Structures are given as structure tokens and as C-alpha cells.
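Student: Please take a close look at one part of this model for me. I would like to know which residues meet where two helices touch, and then how the rest is laid out.

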Amino acid sequence: MAINIMITGDHSMIREGLKNLLELDGDIKVIAEAENGEDCLDKLKTFRPDVLLLDINMPKMNGLEVLKALKDRKSKVKVLVLTVHNETEYLMKAVDNGYVLKDSESAELKKAIFTIADGETYIQPSLIPALNSKMIQKNEDELKIDALTKREMEVLKEMAVGKFNRDIAKEMKIS
């Protein structure tokens with residue numbers, strides 16, 4: 001049985017090319033296309049794809065906003081982000097799903113689709129070292145924050161909202 005997918009991206013030629021490429025072998029069927037995030041969320045009310053192929057850069061509502069909306073709605077659709085962005089900031093926001101770069105081989109894209117359809121996460125292998133490095137840094141930063149005293153945390157919170165040192169000191173009655 002073919003895997004049903006929906007392609008979401010703002011370039012019609014790219015969507016058409018992806019559809020033709022993915023449907024070549026008959027093991028993947030494109031059941032819907034959307035040109036932006038709002039269109040995607042609207043079409044997901046009607047279509048039930050096994051996998052949503054999602055671009056990040058789109059008008060009206062970008063892919064990261066779509067991911068957040070899907071999470072807020074507790075949607076069960078499996079998502080594969082297909083993008084040009086290899087920055088870890090984007091990858092970290094989509095890490096619970098799948099993530100493949102547009103310069104990948106078609107075999108890599110199909111492998112990712114099948115992996116996502118099976119309920120597993122797929123991250124393009126070339127991106128994993130950067131992701132691991134970012135996650136290690138995040139863990140180290142969390143450990144540093146955990147080492148702060150209660151009073152230091154209070155000061156840090158005041159600084160985070162933009163207060164000046166002299167105002168914080170006056171308010172907390174410290175020098």
C-alpha cells in the first residue's frame with residue numbers, strides 16, 4: 001500500500017517536481033498540495049496524509065509556525081521538514097519530526113518519508129554532528145543555570161526583563 005503524503009511549499013514548480021519524483025515507483029502517493037502554512041492547516045482538515053512534507057520558508061504562515069499549530073492541536077500527522085536551512089536553530093525546533101535538506105538525493109528523501117511513516121524520527125545524517133553539539137551546549141547551559149542560587153536567579157530574572165543593575169539593587173535592597 002502506498003504512503004499518502006501532502007506537500008506544502010510556496011513554489012508550485014518544486015511541488016510538481018517533488019510529486020513526479022516521489023510517485024515514480026508507486027510506493028508514495030501525493031494526495032494534496034498546499035502553497036502556504038494557512039492553506040496546509042486548512043487542507044489537513046480534509047485530507048489525512050500519512051506524512052506531511054513541509055517547507056520552512058513560506059508566506060502567510062511559515063513551517064515552524066505550522067509545526068507549533070500542529071502541536072497545539074495535538075495533531076497526529078507525521079511531519080518531514082524539507083528545507084534549505086541547515087542551521088541548528090531550525091533543526092532544534094523540528095527535531096521531534098523529520099528533517100532533510102533540499103540538496104539531498106531523492107533516495108535520501110524517500111528513505112526519510114518511509115522512516116517517518118513508520119513512526120520514527122529521521123534527521124539527515126550529515127546534520128547529526130551539529131545537532132549533537134548544540135544539544136550538548138544546551139545541556140551545559142542548563143547545568144550552569146541550575147547551579148545558581150535562588151537570589152542569583154531572582155537577579156537574573158530582573159535582568160532578563162531589561163532592568164538596570166542599580167534598579168535591581170534598589171528593588172532587592174542589595175548593593
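Tutor: Start with the contact between α7 and α8. From α7 come R151, E154, V155, E158 and M159. On the α8 side they meet I168, E171 and M172. Sorted by type, the residues of this contact are 4 nonpolar and 4 charged, with no polar ones. Bear in mind that this is a predicted model.

Now the geometry of that pair. Helix α7 covers residues 150-160, and helix α8 covers residues 165-172. Their axes come within 10 Å and cross at roughly 135 degrees. Angles over 145 degrees count as roughly antiparallel and 65 to 115 as roughly perpendicular, with 35 degrees the limit for roughly parallel, so this crossing falls among the rest. α7 is therefore oblique to α8. The crossing of α7 past α8 is right-handed.

Next, the sheet. It is open and has 6 strands, paired in parallel. The order across it is β2-β1-β3-β4-β5-β6. At the edges sit β2 (28-34) and β6 (122-123), each pairing on one side only. Inside that order, take β1 and β3. Strand β1 spans residues 3-8 and strand β3 spans residues 51-54. Their parallel pairing runs over 4 bridges. Within it, I7 stands opposite L53 of β3.

Two helices to note here pack on the sheet. Helix α3 (residues 63-72) touches β3 and β4 (78-83). The direction of α3 makes about 150 degrees with that of β3. Helix α5 (residues 106-117) touches β1, β2, β3, β4, β5 (98-101) and β6. Against β4, the direction of α5 makes about 160 degrees.

Finally, compare two residues. T8 belongs to strand β1. Its relative accessible area is 3%. The cut-off for buried is under 20%, so a residue at this value qualifies. Which residues does T8 contact, beyond its neighbours within four places in sequence? They are A34, N36, C40, L52, L53, L54, D55 and M58. L53, listed there, is also the residue opposite I7.

E120 sits elsewhere, in the loop between α5 and β6. Is E120 buried or exposed? Its relative accessible area is 51%. Exposed means over 50%, so E120 counts as exposed. E120 and D96 lie 24 residues apart in sequence. In space, their C-alpha atoms are 9.3 Å apart.

Definitions and conventions:
Residues numbered from 1 in each chain as written. Predicted model: local features only at pLDDT ≥ 70, side-chain atom pairs only at ≥ 80, totals over all residues. Heavy atoms only, no water. Pairing = 2+ DSSP bridges. Contact = heavy atoms within 4.5 Å. Axes fitted to C-alpha atoms, helices over the stretch in contact; angles between N-to-C directions. Buried < 20%, exposed > 50% of the residue type's maximum accessible area, 1.4 Å probe, protein only. Left-handed = near helix turned anticlockwise from the far one by under 90°. Nonpolar A, V, L, I, M, F, W, Y, C, P; charged D, E, K, R; others polar.
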